[in-house]
Amino acid sequence: MGARRRPRRVIWEIFRRDRKGQPFEHAGSVDAPDAEFAEAWAREQYGRRGESVALWLVPRDAIHAVEDWADEFDLKYRRVDGYSIKARLKEARERAAARAG
(Lines give C-alpha, C1' and ligand atoms only; values in the text may rest on other atoms or scores of the structure.)
Protein backbone atom coordinates (compact mmCIF):
# COMPACT_ATOMS: atom_id res chain seq x y z
CA MET A 1 0.00 0.00 0.00
CA GLY A 2 1.36 3.40 -0.99
CA ALA A 3 1.20 6.39 1.28
CA ARG A 4 -1.82 8.59 0.66
CA ARG A 5 -1.02 12.15 -0.25
CA ARG A 6 -2.78 14.71 1.87
CA PRO A 7 -4.42 17.49 -0.12
CA ARG A 8 -2.59 20.80 -0.02
CA ARG A 9 -4.31 23.11 2.40
CA VAL A 10 -4.75 26.76 1.55
CA ILE A 11 -5.25 29.72 3.84
CA TRP A 12 -8.21 31.74 2.61
CA GLU A 13 -8.74 35.38 3.61
CA ILE A 14 -12.40 36.21 4.07
CA PHE A 15 -13.85 39.65 3.42
CA ARG A 16 -17.45 40.52 4.21
CA ARG A 17 -19.87 43.33 3.41
CA ASP A 18 -22.46 44.33 6.03
CA ARG A 19 -24.85 46.17 3.71
CA LYS A 20 -25.08 46.99 0.02
CA GLY A 21 -22.99 50.02 -0.83
CA GLN A 22 -20.62 49.47 2.09
CA PRO A 23 -16.97 48.49 1.55
CA PHE A 24 -15.74 44.97 2.14
CA GLU A 25 -13.84 44.46 5.39
CA HIS A 26 -11.47 41.69 6.39
CA ALA A 27 -13.37 39.24 8.58
CA GLY A 28 -10.80 36.51 9.19
CA SER A 29 -8.93 33.57 7.74
CA VAL A 30 -9.63 29.88 7.31
CA ASP A 31 -7.26 27.00 6.61
CA ALA A 32 -9.17 24.82 4.15
CA PRO A 33 -8.40 22.03 1.66
CA ASP A 34 -10.39 23.73 -1.13
CA ALA A 35 -12.62 26.66 -2.06
CA GLU A 36 -15.82 24.68 -1.43
CA PHE A 37 -14.86 23.99 2.18
CA ALA A 38 -13.70 27.58 2.71
CA GLU A 39 -17.00 28.89 1.33
CA ALA A 40 -19.07 26.60 3.57
CA TRP A 41 -17.08 27.72 6.61
CA ALA A 42 -17.36 31.41 5.68
CA ARG A 43 -21.12 31.13 5.09
CA GLU A 44 -21.54 29.46 8.47
CA GLN A 45 -19.45 32.03 10.32
CA TYR A 46 -20.45 35.25 8.53
CA GLY A 47 -23.75 34.63 6.77
CA ARG A 48 -25.87 32.29 8.85
CA ARG A 49 -27.40 35.07 10.94
CA GLY A 50 -27.71 37.52 8.05
CA GLU A 51 -24.83 39.73 9.19
CA SER A 52 -23.32 39.81 5.69
CA VAL A 53 -24.82 40.53 2.28
CA ALA A 54 -21.71 39.40 0.37
CA LEU A 55 -18.48 37.50 0.98
CA TRP A 56 -15.17 37.39 -0.84
CA LEU A 57 -12.82 34.45 -0.38
CA VAL A 58 -9.26 35.00 -1.56
CA PRO A 59 -6.38 32.53 -1.31
CA ARG A 60 -3.68 34.23 0.76
CA ASP A 61 -1.11 33.37 -1.94
CA ALA A 62 -3.10 35.49 -4.42
CA ILE A 63 -2.76 38.69 -2.39
CA HIS A 64 -0.10 41.05 -3.66
CA ALA A 65 1.30 43.09 -0.78
CA VAL A 66 2.74 46.55 -1.44
CA GLU A 67 5.13 47.54 1.31
CA ASP A 68 7.96 49.52 -0.34
CA TRP A 69 7.19 52.99 -1.58
CA ALA A 70 9.32 54.85 -4.10
CA ASP A 71 10.60 58.30 -3.10
CA GLU A 72 8.58 60.03 -5.82
CA PHE A 73 5.44 59.01 -3.94
CA ASP A 74 6.73 60.47 -0.67
CA LEU A 75 5.07 63.85 -1.14
CA LYS A 76 6.64 66.05 1.52
CA TYR A 77 4.05 68.80 1.21
CA ARG A 78 1.43 66.43 2.60
CA ARG A 79 3.41 65.90 5.78
CA VAL A 80 3.46 68.41 8.59
CA ASP A 81 7.14 67.80 9.31
CA GLY A 82 8.16 68.02 5.65
CA TYR A 83 6.72 71.40 4.64
CA SER A 84 7.47 74.44 6.75
CA ILE A 85 4.85 77.17 6.47
CA LYS A 86 6.89 79.34 8.85
CA ALA A 87 9.81 79.47 6.41
CA ARG A 88 7.48 80.37 3.52
CA LEU A 89 5.83 83.14 5.57
CA LYS A 90 9.24 84.55 6.52
CA GLU A 91 10.30 84.62 2.85
CA ALA A 92 7.04 86.33 1.86
CA ARG A 93 7.47 88.98 4.57
CA GLU A 94 11.05 89.63 3.47
CA ARG A 95 9.95 90.07 -0.17
CA ALA A 96 7.12 92.39 0.90
CA ALA A 97 9.53 94.46 3.04
CA ALA A 98 12.04 94.70 0.16
CA ARG A 99 9.34 95.96 -2.21
CA ALA A 100 8.05 98.48 0.31
CA GLY A 101 11.50 99.72 1.33
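**Sheet, core and charged pairs in a predicted model**

Setting aside residues up to four places away in sequence, Val 10 touches Val 30, Asp 31, Ala 32 and Pro 59. The model here is a predicted one, and Val 10 makes a handy way into it. Val 10 belongs to the largest nonpolar core, a set of eight residues that also takes in Trp 12, Ile 14, Val 30, Ala 32, Ala 38, Ala 42 and Tyr 46. Strand S1 (10-17), strand S2 (25-32) and helix H1 each give two or more residues to this core.

Next comes the sheet. Three strands line up in the order S2-S1-S3 to make an open sheet, and their pairing is antiparallel. S2 and S3 sit at the edges, each pairing on one side only. On average, neighbouring strands in this sheet are turned by 25° against each other, if direction is ignored. H1 packs on the sheet and touches S1, S2 and S3, and its direction makes about 135° with that of S2. As a bit of background, the strands of a sheet pair through backbone hydrogen bonds, and they can do so in a parallel or an antiparallel way. Between S1 and S3, the antiparallel pairing runs over six bridges. One residue to pick out here is Glu 13, whose bridge partner in S3 is Val 58.

Glu 13 itself is found in strand S1. With a relative accessible area of 6%, Glu 13 falls under the 20% cut-off and so counts as buried. Leaving aside neighbours within four places in sequence, Glu 13 is in contact with His 26, Gly 28, Ser 29, Trp 56, Leu 57, Val 58, Arg 60 and Ile 63. Two of these contacts can be described in more detail. The side chain of Glu 13 makes a polar contact of 2.6 Å with the side chain of Ser 29. Glu 13 also meets Arg 60 in a salt bridge between their side chains, at 2.6 Å from N to O. That pair ties together distant parts of the chain, since Glu 13 is in strand S1 while Arg 60 is in the loop between S3 and H2, 47 residues apart. The two partners differ in how much they show: Glu 13 is buried, whereas Arg 60, at 40% relative accessibility, is partly exposed.

Salt bridges turn up elsewhere too. In general, side chains of opposite charge can pair when their charged atoms come close. A search of the whole structure finds six salt bridges. One of them joins Arg 9 and Asp 31, with the closest N and O atoms 3.4 Å apart. Here again distant parts of the chain are linked: Arg 9 is in the segment before S1 and Asp 31 is in strand S2, 22 residues apart. Arg 9 has a relative accessibility of 42%, so it counts as partly exposed. Asp 31, at 40%, is partly exposed as well. Asp 31 is also among the residues that Val 10 touches. Another salt bridge is formed by Glu 44 and Arg 48, whose closest N and O atoms are 2.9 Å apart. In this pair, Glu 44 is partly exposed, with a relative accessible area of 37%, while Arg 48 is exposed, with a relative accessible area of 53%.

Two loop residues round off the picture. Ser 52 lies in the loop between helix H1 (35-46) and strand S3 (54-59). Despite its place in a loop, Ser 52 counts as buried, because its relative accessibility is 14%. Its contacts, not counting residues up to four places away in sequence, are with Arg 16, Arg 17, Asp 18 and Tyr 46. With Arg 16, the side chain of Ser 52 shares a side-chain polar contact of 2.8 Å. The Ser 52 side chain also reaches the backbone oxygen of Tyr 46, at 2.6 Å. Tyr 46, in turn, is one of the residues of the largest nonpolar core.

Asp 61 sits in the loop between S3 and helix H2 (85-100). Its relative accessible area is 64%, so Asp 61 is exposed. Along the chain, Asp 61 and Trp 12 are 49 residues apart, yet their C-alpha atoms are separated by 8.6 Å. Trp 12 is another residue of the nonpolar core described above.

Terms used. Residues numbered from 1 in each chain as written. Predicted model: local features only at pLDDT ≥ 70, side-chain atom pairs only at ≥ 80, totals over all residues. Heavy atoms only, no water. Helix = DSSP H or I, 4+ residues; strand = E, 2+ residues; numbered from the N terminus. Buried < 20%, exposed > 50% of the residue type's maximum accessible area, 1.4 Å probe, protein only. Polar contact = N/O pair within 3.5 Å; in protein donor to acceptor, adjacent residues only side chain to side chain. Contact = heavy atoms within 4.5 Å. Core = buried A, V, L, I, M, F, W, Y, C linked by side-chain atoms within 4.5 Å. Salt bridge = Lys/Arg side-chain N within 4 Å of Asp/Glu carboxyl O. Pairing = 2+ DSSP bridges. Axes fitted to C-alpha atoms, helices over the stretch in contact; angles between N-to-C directions.
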